[in-house]
2 protein chains.
Amino acid sequence: MGVNLKDIAQRAGVSLATVSNVVNGYRPVGERTRQRVQQAIDELGYSPNLGARHLRRGRTGLIALAVPELTNPYFAELAEIAIAEAAGLGYTLVMENTAADRETELALLAGSRRHIIDGLILSPVRIGREEVLARTSGGPLVLIGEGVHDVPHDHIAIDNVAASQAAIQHLVEIGRRRIAFIGAAGGDRQSAHLRMRGYRDALASYSLPFRSELVARTDEFSRLEGMRTMRDLLALDDPPDAVFAYNDLIAIGAFRALAEAGCRVPEDVAVVGIDDIEEGRFSSPTLTTIAPDKEEIGRLAVRRLVARIEGTEVAAPLTVQTPFRLVRRESTGTPGG
Amino acid sequence: MGVNLKDIAQRAGVSLATVSNVVNGYRPVGERTRQRVQQAIDELGYSPNLGARHLRRGRTGLIALAVPELTNPYFAELAEIAIAEAAGLGYTLVMENTAADRETELALLAGSRRHIIDGLILSPVRIGREEVLARTSGGPLVLIGEGVHDVPHDHIAIDNVAASQAAIQHLVEIGRRRIAFIGAAGGDRQSAHLRMRGYRDALASYSLPFRSELVARTDEFSRLEGMRTMRDLLALDDPPDAVFAYNDLIAIGAFRALAEAGCRVPEDVAVVGIDDIEEGRFSSPTLTTIAPDKEEIGRLAVRRLVARIEGTEVAAPLTVQTPFRLVRRESTGTPGG
DNA sequence: GCGCGGCTCTATAACGTTATACAGGCGATG
DNA sequence: CATCGCCTGTATAACGTTATAGAGCCGCGC
């Protein structure tokens with residue numbers, strides 16, 4: 001554990017500063033001395049003490065990715081991508097679990113980790129524009145996903161309204177007319193508002209009536225809530241012939257309720273989700289979904305954050321809408337079926 | 001961020017050391033001064049610079065949980081528990097993704113993060129006893145899951161042989177005789193060996209023949225591999241009437257192959273997995289599984305690691321076998337059905 | 001009156017690194 | 001030949017904290 005710069009300096013017969021320069025190339029070092037130092041480093045197996053380095057530099061080399069739930073496969077898949085990208089840029093990514101808790105999100109935003117992390121990628125669900133604007137310090141911040149717009153931070157998301165419209169368009173094209181929406185906003189969750197708006201707009205553009213009984217609110221976006229609300233929808237006098245779910249987890253919960261009720265998918269009820277989690281590629285039936293470009297979102301978020309941290313990016317905050325595509329699977333009938 | 005010990009000291013009119021003592025109580029401070037200092041802290045909103053503190057103390061307050069894949073819900077669920085437990089003990093838990101890569105596991109073991117983390121919880125899959133024994137430094141280590149036994153480190157796992165036996169027993173009790181096993185060891189993965197052993201032993205104890213054509217090897221333990229190998233099993237002249245899968249993901253992949261082949265579960269083929277991931281509670285059919293006590297594993301791993309780090313635990317390394325239970329669901333028929 | 005122990009508090013040296021200021025040598029320039 | 005600048009390398013002051021040694025004060029016993 002204990003081999004440090006001084007040990008190397010002694011061994012190579014040079015000063016501390018020279019060793020430091022060899023290690024991180026802040027200033028040029030003559031070829032002969034560089035070799036001597038490098039040899040000493042190799043022999044003694046030196047690796048810099050990051051704590052000390054970062055105390056000096058004022059940076060820790062850690063960035064955080066805060067998501068509402070680690071157990072949502074969408075975020076797990078995103079995290080894997082972001083971790084790899086961060087590692088490639090020399091950073092370590094720390095996962096934070098906000099548990100969709102407003103206080104936790106606020107604390108993170110205010111910089112509760114400010115001495116630990118250099119920057120934060122946040123997927124907000126319980127806070128909005130005002131809270132983000134009120135933030136005065138805490139280092140660079142990149143927002144991902146929906147929820148907060150028009151704030152002075154880099155922001156990466158898909159176009160939720162368009163995504164919803166694409167889903168509804170698909171359902172209409174396969175002949176569905178009574179289309180339900182599961183996952184309406186439980187108050188302050190703007191992402192749900194956006195997807196709801198896309199749902200309404202699309203219905204209107206196809207001259208389909210908006211029926212409030214076909215809109216199901218959920219407190220959280222889980223399989224369990226999807227199952228519960230789907231049961232309610234099936235209990236209607238005139239149940240829906242299609243369901244658009246806020247996300248894939250809800251859709252899979254809906255599958256469960258449909259299976260228990262003996263409804264066939266897609267014959268009786270077609271289902272579309274959003275997220276394209278791997279689970280939906282193996283469920284029975286497989287799940288038609290709107291697939292965001294997770295690679296792009298994860299990598300871009302990390303790259304923008306690192307650019308801000310290192311000061312190489314000073315341009316105005318950027319809002320990026322990453323592409324999405326509709327992936328047809330069994331839950332809406334196979335193409336040509 | 002800028003408000004540090006010195007600022008507080010000036011404001012309260014005392015020395016640096018006194019403020020430090022108020023903050024972390026290393027030595028007693030008079031009541032009157034303590035109050036003055038506390039007031040200054042509150043007014044200026046001081047929070048200690050963890051980098052500096054840890055440089056001085058030689059600890060960082062970070063621990064890592066290294067798992068083979070973040071996107072495996074079992075590990076995501078475990079991580080959520082471990083993160084909460086670590087936070088309660090004043091530590092921040094960093095997730096590391098080994099991607100089931102031998103080199104990554106070795107690097108982590110050797111202490112590639114030694115200046116960043118105080119200790120490591122590792123779920124090894126590509127390294128074995130010798131590699132762990134060869135380790136000379138790198139701070140406290142707690143092993144979870146299977147794979148490595150008889151090493152001088154705390155180790156938390158379920159009894160894999162017994163778990164497998166319980167699964168087989170259940171399948172036998174519901175009348176199955178041709179029981180396949182998916183997820184045999186692809187070489188060095190000892191966990192698969194153990195589950196395989198439980199499978200063999202259980203078959204023997206029920207006087208059932210061991211048929212090698214009913215054992216499917218997989219390179220990784222994913223839904224995709226489960227689907228592929230299940231297809232192969234169904235192509236046999238005399239296909240199995242039950243499948244015991246290495247884990248739930250494989251079982252769910254097998255579901256997919258069974259659905260595509262038009263096989264009914266559990267009527268034609270019964271399926272049992274291990275892990276009890278939430279996905280299996282909503283799949284169609286729902287998945288019978290061996291449920292490890294994830295709460296216990298996650299919390300115990302963190303507690304043991306922290307105890308080692310803080311030196312409060314000096315007893316010999318402990319191997320804990322946490323309990324498991326069989327959870328009956330549709331994939332083996334409902335109780336009494 | 002002097003020394004001694006107990007109680008608060010202070011001064012300060014680390015921890016391991018990086019960035020700044022500076023020193024010496026040497027070739028090029030005026 | 002003196003001056004300037006470049007090139008290497010060194011010495012050292014931070015970064016913000018904690019632990020150690022010790023300073024001042026007070027009361028008590030000899």
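1. Start at a base of DNA strand D. One of its base oxygens lies 3.1 Å from an N or O atom in the side chain of Arg27(B). The side chain of Arg56(B) also places an N or O atom 2.3 Å from a base oxygen of DNA strand D. The backbone of Asn49(B) takes part as well: one of its N or O atoms is 3.0 Å from a phosphate oxygen of DNA strand D. The elements giving two or more residues to the surface near DNA strand D are α2 and α4 of chain A, together with α2 and α4 of chain B. Helices (H or I, at least four residues) and strands (E, at least two) are DSSP runs, numbered from the N terminus.

2. Ground rules. This is a predicted model: local features need pLDDT of at least 70, side-chain atom pairs count only at pLDDT 80 or more, and totals for chains, interfaces and linings use all residues. Residues are numbered from 1 along each chain as its sequence is written, chains are lettered from A and ligands numbered from 1 in the order in which they are written, and side-chain values use heavy atoms, with hydrogens and water left out.

3. Surroundings of DNA strand D. There are 25 residues around this strand, and Thr18(A), Arg27(A), Gly30(A), Tyr46(B) and Arg56(B) come nearest. A residue is near a molecule or strand if one of its heavy atoms lies within 4 Å of it. Of the atoms of DNA strand D within 4 Å of the protein, 64% belong to sugar or phosphate, and the rest to bases. The residues of this surface divide into 11 nonpolar, eight polar and six charged. Here Ala, Val, Leu, Ile, Met, Phe, Trp, Tyr, Cys and Pro count as nonpolar, Asp, Glu, Lys and Arg as charged, and the others, Gly among them, as polar.

4. Surroundings of DNA strand C. This strand is surrounded by 24 residues; the closest are Tyr46(A), Arg56(A), Thr18(B), Arg27(B) and Gly30(B). Sugar or phosphate accounts for 66% of the atoms of DNA strand C within 4 Å of the protein, and bases for the rest. The surface near DNA strand C has 10 nonpolar, eight polar and six charged residues.

5. Phosphate contacts on DNA strand C. The side chain of Tyr46(A) has an N or O atom 2.5 Å from a phosphate oxygen. Two backbones also reach phosphate oxygens of DNA strand C: an N or O atom of Leu5(A) lies at 2.6 Å, and one of Asn49(A) at 3.1 Å. Two or more residues each come from α2 (16-24) and α4 (50-57) of chain A, and from α2 (16-24) and α4 (50-57) of chain B. The most, four residues, comes from α4(A).

6. Chain interface. The contact (heavy atoms within 4.5 Å) takes 46 residues from chain A and 44 residues from chain B. About 3,900 Å² is buried between the two chains, 62% of it on carbon and sulfur atoms. Buried area is the accessible area (1.4 Å probe) that two parts lose on being put together, summed over both.

7. Polar pairing across the interface. Chain B and chain A share four salt bridges. A salt bridge is a side-chain nitrogen of Lys or Arg within 4 Å of a carboxyl oxygen of Asp or Glu. Glu330(A) and Arg256(B) form a salt bridge through their side chains (2.3 Å, N to O). There are 15 residue pairs in polar contact between the chains (both at pLDDT 80 or more). A polar contact is a pair of N or O atoms within 3.5 Å; within protein, one must be able to donate a hydrogen and the other to accept it, and residues adjacent in sequence count only if both atoms are side-chain atoms. On the side of chain B that touches chain A, the largest share, six residues, comes from β2(B).

8. Symmetry. A rotation of 180° with 0.1 Å of shift along its axis superposes chain B on chain A (RMSD 0.2 Å). That is the relation of a two-fold axis. Copies are superposed by least squares on the C-alpha atoms of residues with pLDDT of at least 70 in both. In addition, 100% of the interface residues of chain B are also interface residues in chain A, so the copies meet through the same surface.

9. Backbone points to check in chain A. The peptide bond from Val265(A) to Pro266(A) is cis, with omega near 10°. Pro266(A) sits in the loop between α11 (248-261) and β9 (270-274).
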